[in-house]
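Visitor: Please give me a close look at a single part of this structure, its pocket, and then follow the thread outward from there to the other local features.

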Amino acid sequence: MNIPLDAATAARASFTASFTAKYKTHLPGGHHWSMRMPRGSALKLTASEANANVGLVMYNPLDTLERLNLPDTLKGQHTFRLTEGHCLYSDMGRIFASIIQDDLGWHDSASGNLMEHHFAAKGWHKKAYQQAFNDFTPSGHDSLLIEMAKYGLGERDLCANLNLFSRVRADEDANLHYVADHCAAGDSVTLRFEMDTLVMLHTCPHPLDPAEDYPLRGVDMTFGTATPMDEQDACYLSRPENARAYANNQLYHLAG
């Protein structure tokens with residue numbers, strides 16, 4: 001990661017001292033959620049069980065054509081993994097959120113969502129809500145579509161999702177393999193929002209999860225505020241491209 005150690009350490013210490021928790025809730029495994037997160041807010045996600053997974057997408061609530069762009073996020077920061085000190089880019093070259101704290105060191109940006117066809121391939125029993133109620137087993141794909149419909153969005157608006165808490169490795173033939181036991185219960189990651197952001201997420205399993213049956217692994221969600229980015233911030237310093245993206249944010253907010 002091209003992050004100066006002293007800058008990253010200082011950024012974490014500053015966040016720990018300045019974070020103010022406002023609200024906390026729990027999202028069970030196999031559930032979905034969405035909310036408009038205001039600029040300057042922070043969201044801390046903590047795994048309730050080992051091997052949790054959180055599929056996440058982001059949109060600009062004022063113009064939902066602007067959305068999370070993981071290819072630009074990776075390309076701009078010269079990385080395949082995402083962790084503390086990295087930023088999540090929109091397709092307009094702006095930063096939706098920055099990762100200001102991370103216990104895991106790696107979050108998967110390449111594997112996509114759990115889909116309907118994965119159930120048969122894995123031998124998982126698909127339980128519909130009408131029969132199982134809160135014990136139903138949705139796909140990550142359908143979970144995001146349900147949340148998106150609340151904002152007038154549909155399948156054509158889907159973008160590639162980030163899988164927080166999960167890690168994959170690539171072999172010599174470019175096949176992706178799930179890394180088991182990457183996430184322990186109590187591991188957390190914190191996002192600071194650099195612009196108003198419509199966040200949609202689910203706690204459905206990772207598409208490559210080898211569990212024998214559909215796993216229900218939830219997360220605790222803590223909402224608060226964090227110290228705003230400055231030029232000593234680890235996310236700002238980690239790549240020159242990040243500094244330019246922050247400048248795009250500044251111009252965007254001046255225009256607004």
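Guide: What follows begins with the pocket, moves to the salt bridges, and ends with the cavity and some loops.

The model is predicted, so local features are taken at pLDDT of at least 70 and side-chain atom pairs only at pLDDT 80 or more, whereas totals for chains, interfaces and linings use all residues. Residues are numbered from 1 along each chain as its sequence is written, and side-chain values use heavy atoms, with hydrogens and water left out.

The largest pocket has a volume of about 370 Å³. A pocket here is an open set of points on a 1 Å grid over the protein atoms alone, with protein on both sides within 12 Å along at least five of seven lines, and a lining residue has an atom within 4 Å of a point; the volume is the space filled by probe spheres set on the points, which are joined across faces, edges and corners. There are 16 lining residues, and those closest to the centre of the pocket are R39, E194, M229, Y246 and Q250. Two elements, β11 (188-193) and α7 (240-255), give two or more residues to this lining, and α7 supplies the largest share, 6 residues. Elements are DSSP runs numbered from the N terminus, helices being H or I runs of at least four residues and strands E runs of at least two. Sorted by class, the pocket lining holds 8 nonpolar, 4 polar and 4 charged residues, where Ala, Val, Leu, Ile, Met, Phe, Trp, Tyr, Cys and Pro count as nonpolar, Asp, Glu, Lys and Arg as charged, and the others, Gly among them, as polar.

E194, one of the residues closest to the pocket centre, is also linked with R192 and D233 in a network of salt bridges. A salt bridge is a side-chain nitrogen of Lys or Arg within 4 Å of a carboxyl oxygen of Asp or Glu. Within that network, the side chains of R192 and D233 come to 2.9 Å, N to O. This pair connects distant parts of the chain, since R192 belongs to strand β11 and D233 to the loop between β13 (219-225) and α6 (234-237), 41 residues apart. Both R192 and D233 are buried, which means under 20% relative accessible area, with exposed over 50% and partly exposed in between (1.4 Å probe, protein chains only).

The whole structure has 10 salt bridges, among them two that join residues of contrasting or outward setting. E147 and K150 form one, with their closest N and O atoms 3.0 Å apart; E147 is buried at 1% relative accessibility, while K150 is exposed at 56%. Another joins K75 and D72 at 3.6 Å, N to O, and these residues lie 3 apart in helix α2, so about one helical turn separates them. K75 is exposed, with a relative accessible area of 61%, and D72 is partly exposed at 26%.

Enclosed space comes next. There is 1 cavity of 30 Å³ or more, a cavity being a set of grid points where a 1.4 Å probe fits but cannot get out. Its volume is about 30 Å³, and it is lined by N51, A52, N53, T203, C204, P205, D209, P215 and R217. This lining has 4 nonpolar, 3 polar and 2 charged residues.

N51, one of these lining residues, lies in the loop between β3 (41-47) and β4 (54-60) and is buried at 14% relative accessibility. Its phi is near 65°, a positive value in a residue other than glycine. Most residues other than glycine have a negative phi. F165, in the loop between β8 (162-164) and β9 (168-170), also has a positive phi, about 80°, and is buried with a relative accessible area of 1%.

The last stop is the loop between α2 (70-77) and β6 (87-89), where F80 is placed. R81 sits in the loop between α2 and β6 too and is partly exposed at 28% relative accessibility; its C-alpha atom is 5.4 Å from that of W106, 25 residues apart along the chain.
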